[in-house]
Amino acid sequence: MAVRDIRLFGDPVLRTVCAPIEDIDEGVRALVTDLVDTVELPGRAGVAANQIGVAQRAFSYNIDGDIGYVLNPVLVEVRGEPVPTGEGCLSVPGLWHDALRHPWARVEGIDLDGNPVVLEGEGLLAQALQHETDHLDGTVYLSRLAPETRKIAMREVRESNWF
């Protein structure tokens, strides 16, 4: 359908805990199309529904050319000790900081037909699964930064030309 504009840090929808999708109707199908269209742009690993202004539990991903989506995703398992991992966010453009992320993650949800979807892996996929489910829980990655780094990042946000 369309590449949607990304909501920026400070928009209340990014702090919203997204509602589960109850009925898979044409609106949800259009949302998935928009999420996939929006994540296909270069440099994007994932887009959560609230990042495009929709407070429903869904995200799209684009990891090494593998593009897809998950409805009602739940982060069900992580493995390994969290490690500082270089991370950015479309909703916080221009910033890149180390956030604590587990090296392996597993998300379970459903597709548009109600069939189970399981995504699991390490590296960028694990990071994206954690990052996108955080979004759907109303958490922006800045909350995952060490206190001193968060202070620097918040100064960068205040000084940015988009805030």
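Start by selecting Val32: is this residue buried or exposed? Val32 counts as buried, because its relative accessibility is 5% (buried means under 20% relative accessible area, exposed over 50%, and partly exposed in between, with a 1.4 Å probe and protein chains only). You'll find Val32 in helix H1, residues 26–39. Helices here are DSSP runs of H or I with at least four residues, strands are DSSP runs of E with at least two, and both are numbered from the N terminus.

A quick note before you click on: this is a predicted model, where local features need pLDDT of at least 70 and side-chain atom pairs count only at pLDDT 80 or more, while totals for chains, interfaces and linings use all residues. Residues are numbered from 1 along each chain as its sequence is written, and side-chain values use heavy atoms, leaving out hydrogens and water.

Stay on Val32 and show its surroundings. Leaving aside residues up to four places away in sequence, Val32 touches Tyr69, Leu71 and Leu112 (a contact means heavy atoms within 4.5 Å). Now add Gly68: its C-alpha atom is 9.1 Å from that of Val32, though the two residues are 36 apart along the chain.

Zoom out to the whole protein chain. How many helices and strands does it have? There are three helices and seven strands, and from the N terminus on they run α-β-β-β-β-β-β-β-α-α. The radius of gyration is 15 Å, close to the 15 Å that the globule rule gives for 163 residues, so the chain is as compact as a globular protein of that length. That radius is taken over C-alpha atoms, and the rule is 2.2 Å times the number of residues to the power 0.38. The C-alpha trace spans about 45 × 35 × 25 Å along its principal axes. Of the 163 residues, 47% count as buried.

Next, colour strands S3 (residues 66–79) and S6 (residues 104–110), which pair in the antiparallel sense over six bridges. Strands count as paired if DSSP finds at least two bridges between them. Then add S7 (residues 116–122), the antiparallel partner of S6 over seven bridges. Arg106 is a handy landmark: this S6 residue is the bridge partner of Glu77, and in S7 the bridge partner of Arg106 is Glu120. Follow the hairpin of S6 and S7, with five residues between the strands, and stop at Gly114, which takes a positive phi near 85°.

Which residue lies over the face of Trp104? Select Arg79, which sits 3.8 Å from the ring centre (a charge sits over a ring if NZ of Lys or CZ of Arg is within 6 Å of the ring centre and within 35 degrees of the ring normal).

Two more backbone stops. Asn72 lies in strand S3 and has a positive phi near 50°; at 18% relative accessibility, Asn72 counts as buried. Asp64 has a positive phi near 50° and lies in the loop between strand S2 (58–63) and S3, but Asp64 is exposed at 77%.

Finish with the rings. The whole structure has two aromatic pairs, and Trp162 with Phe163 is edge-to-face, at 6.1 Å centre to centre and 90° between the planes. Rings of Phe, Tyr and Trp (its six-membered ring) pair if their centres lie within 6.5 Å; planes under 30 degrees apart count as stacked, over 60 as edge-to-face and the rest as tilted. Add Phe9 and you have one aromatic cluster with Trp162 and Phe163. Phe163 counts as exposed, at 53% relative accessibility.
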